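Q: I'm new to looking at protein structures and would like to learn how to read one. Could you walk me through it, feature by feature?

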Amino acid sequence: MATITDTKIESLANTLRKELLHGATVITSKSEEYHESIVRWSSAAEKRAAIIVFPVCAEDVSNVIKLATSNRIEIAVCGGGHSTSGSSSTEGGICIDMSKLRKVSVDPKAKIVVAEGGALWVDVDKAAAEHELAVVGGTVNTTGVGGLTLGGGYGYLVGEHGLVIDNLLEVQMVLADGNIVIASRHREPKLFWAVRGAGASFGVVLSFTFRAHEMNRPVWGGTLAIDIGEIDKVVEFANFFLEKSDPKSALIWGFKALSANTFCIVAAVFYNGPEPLATDLFSGLIGLKLHENFTGNRLYWTMNTLLNEDLKAGSRRSMKGSAFISPLDLKFAKTCFEDFRNLIQKIPDASMSIMVFEFLPFWKLLSFSQDCTAFANRGAYGNLLWIMGWTKAEHDKEIRQWTQDMSSKSHQEFEKSRMTARIGGVMADGVGEYFNYDGIGVGGTQVFGDNFAQLQNLKKKYDPNNVFSKGPQLVFPNTGA
């Protein structure tokens, strides 16, 4: 795909202004709103699109795709804009910004929630809560529904209800040829299979239909700041926690810099049940040396606001993930901290960074077969994630490389550990790679395992010219795909 020459930008923009419905907006560099239209969660991921389109309906999106493909122009799709790789941006191409499509509707009797493609999780959480319902969604509610869902989707309710895609019933989407289709288990089932894990490579989703779950009482949860000297006891508790594997619970913990030389352990704890049961389960953490205890009964949707401040927009960001086998090795955890501390001390500008281990009960995930969706990261293990933040562009290269190195180092440990790992009789199956944790540049069996061959065939059918090239890599020159 090509970028647009300067002489054609205004001509194409005017064509779109005539074709799109009233309410849609078309922005170019000559527009007053241009700069704010290319802003992303990570300022390092911003690119100068030639044209930014804010559609208001499916037909608008279809028209943009047809114009872009007929002129061989690169397309990017922006929902929440949280990708640190720049996949929601384009340099010189057309960006379809979905932010005017944020409507959420709820059918409380059927327990179904429909969210438009530009909705954020805060929109879904609040709309569902009004009807005493909840949808499995992300732990940071400023992120987009689209990106999280199409890549799989972990959250606090995973232990009880599975991934976000395990609760996805239907999508409406625009394909590479501009056709608008419905995909579900009964209509376009093969496309629906691909959407659940590799959706960004197949089209632009206009709406998501989710199964919702009853949430008619408060949950217990919040955040803890734990003294870094308690790391041995935190690892011991976390391993106990995952072994117990109460489906109503979730634990995310890791390392945070308070300054270049001061660090603590931070934890987000969750229990979908009465406070006495919750505090008993988490007593092994609550009883440690704490700098902060911000836990208690709360409405479910507020759980997904607690990490927003640490992960607010405006900084330069790099994000990368890997996986770990439980029980988590204490030596490995300490090595992760030492590497993290050494980088922050070397580059104090990166003090807003965090690293986390996700201890989420996995039995519900494993109740779905590895090939029931394109997503192939179902296994008896947890994810770990580096979310780096800094302000100066001069540090971009070094911090990004460090993040990649840490991910590779951890993945090697993961592969070594799972050679002999067996948890409750279940082997540590799955690829150990979660694409949503900035898996840009990766694809193939690394992300999709045995599901990759079928994905390649479906990509040839639905997007033979790789119009949607910003998602998981499904087209490789040496494969002829």
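A: Gladly! Let's begin with empty space: a cavity is a set of grid points where a 1.4 Å probe fits but cannot get out. Keep in mind as we go that this is a predicted model.

Q: How many cavities of 30 Å³ or more does that rule give here?

A: The general idea is that rolling a probe the size of a water molecule over the atoms shows where empty space is left. In this structure, the count comes to three cavities of 30 Å³ or more. The largest cavity holds about 90 Å³ of space.

Q: Which residues line the largest cavity?

A: Its lining includes Tyr-154, Glu-358, Leu-360, Pro-361 and Phe-362. Further along the chain, Asn-377, Gly-379 and Tyr-381 are also among the lining residues. Strand β18 (residues 381-390) supplies the largest share of this lining, three residues. Sorted by class, the lining has six nonpolar, four polar and one charged residue.

Q: What about the second largest pocket: what is its volume?

A: A pocket is an open set of points, unlike a cavity. The second largest pocket has a volume of about 330 Å³. It is lined by 21 residues, and Val-39, Cys-78, Gly-79, Gly-80 and Gly-81 lie nearest its centre. By class, this lining is made of seven nonpolar, nine polar and five charged residues.

Q: Now for the filled parts. Which residues have the most contacts inside the largest nonpolar core?

A: In soluble globular proteins, nonpolar side chains tend to be buried together. Here the largest nonpolar core has 71 residues, and Met-173, Leu-191, Phe-202, Phe-210 and Leu-455 have the most contacts inside it. Helix α7 (residues 189-198) gives the most to this core, with six residues. There is also a second, separate core of 47 residues, which includes Val-234, Phe-237, Phe-340 and Leu-343.

Q: Can we zoom in on one core residue? What is Leu-191 in contact with, leaving aside its neighbours within four places in sequence?

A: With those neighbours left aside, Leu-191 touches Met-173, Leu-175, Val-181, Ala-183, Phe-202 and Tyr-462. Try selecting Leu-191 in the viewer and finding each of these partners in turn.

Q: Next, charged side chains. How many salt bridges does a search of the whole structure find?

A: To read one, look for a side-chain nitrogen of Lys or Arg within 4 Å of a carboxyl oxygen of Asp or Glu. The search finds 16 salt bridges. One of them joins the side chains of Lys-470 and Glu-74, at 3.5 Å from N to O. Lys-470 lies in the segment after α16 (452-462) and Glu-74 in the loop between α3 (58-70) and β3 (75-78), so the pair ties together parts that are 396 residues apart in sequence.

Q: Is Lys-470 buried or exposed?

A: The cut-off to remember is that buried means under 20% relative accessible area. Lys-470 has 17% relative accessibility, so it counts as buried.

Q: Which other salt bridges link distant parts of the chain?

A: Lys-111 and Glu-214 meet in a salt bridge at 3.9 Å, N to O. Lys-111 sits in the loop between β5 (104-107) and β6 (112-116) and Glu-214 in strand β11 (residues 213-214), 103 residues apart. Another pairs Asp-227 with Lys-289, with 3.9 Å from N to O. Asp-227 belongs to strand β12 (residues 219-227), while Lys-289 is in the loop between α10 (283-286) and β15 (290-298), 62 residues apart. Asp-227 counts as buried, at 18% relative accessibility.

Q: Last topic: the backbone. Which residues other than glycine have a positive phi?

A: Most residues other than glycine have a negative phi, and most peptide bonds are trans. Lys-111, which we have just met, has a positive phi of about 55°. Lys-111 is partly exposed, with a relative accessible area of 33%. Glu-188 is another case, with a positive phi near 50°. Glu-188 is found in the loop between β9 (180-184) and α7, and is partly exposed at 31% relative accessible area.

Q: And where is there a cis peptide bond?

A: Look between Ser-326 and Pro-327, which are joined by a cis peptide bond with omega of about 5°. Pro-327 lies in the loop between β16 and α12 (330-346).

Definitions and conventions
Residues are numbered from 1 along each chain as its sequence is written. This is a predicted model: local features need pLDDT of at least 70, side-chain atom pairs count only at pLDDT 80 or more; totals for chains, interfaces and linings use all residues. Side-chain values use heavy atoms; hydrogens and water are left out. A nonpolar core is a set of buried Ala, Val, Leu, Ile, Met, Phe, Trp, Tyr and Cys residues joined through side-chain atoms within 4.5 Å. Buried means under 20% relative accessible area, exposed over 50%, partly exposed in between (1.4 Å probe, protein chains only). Helices (H or I, at least four residues) and strands (E, at least two) are DSSP runs, numbered from the N terminus. Contact means heavy atoms within 4.5 Å. On a 1 Å grid over the protein atoms alone, a cavity is a set of points where a 1.4 Å probe fits but cannot get out, and a pocket is an open set with protein on both sides within 12 Å along at least five of seven lines; lining residues have an atom within 4 Å of a point. Grid points are joined across faces, edges and corners, and a volume is the space filled by probe spheres set on the points. Ala, Val, Leu, Ile, Met, Phe, Trp, Tyr, Cys and Pro count as nonpolar, Asp, Glu, Lys and Arg as charged, and the others, Gly among them, as polar.
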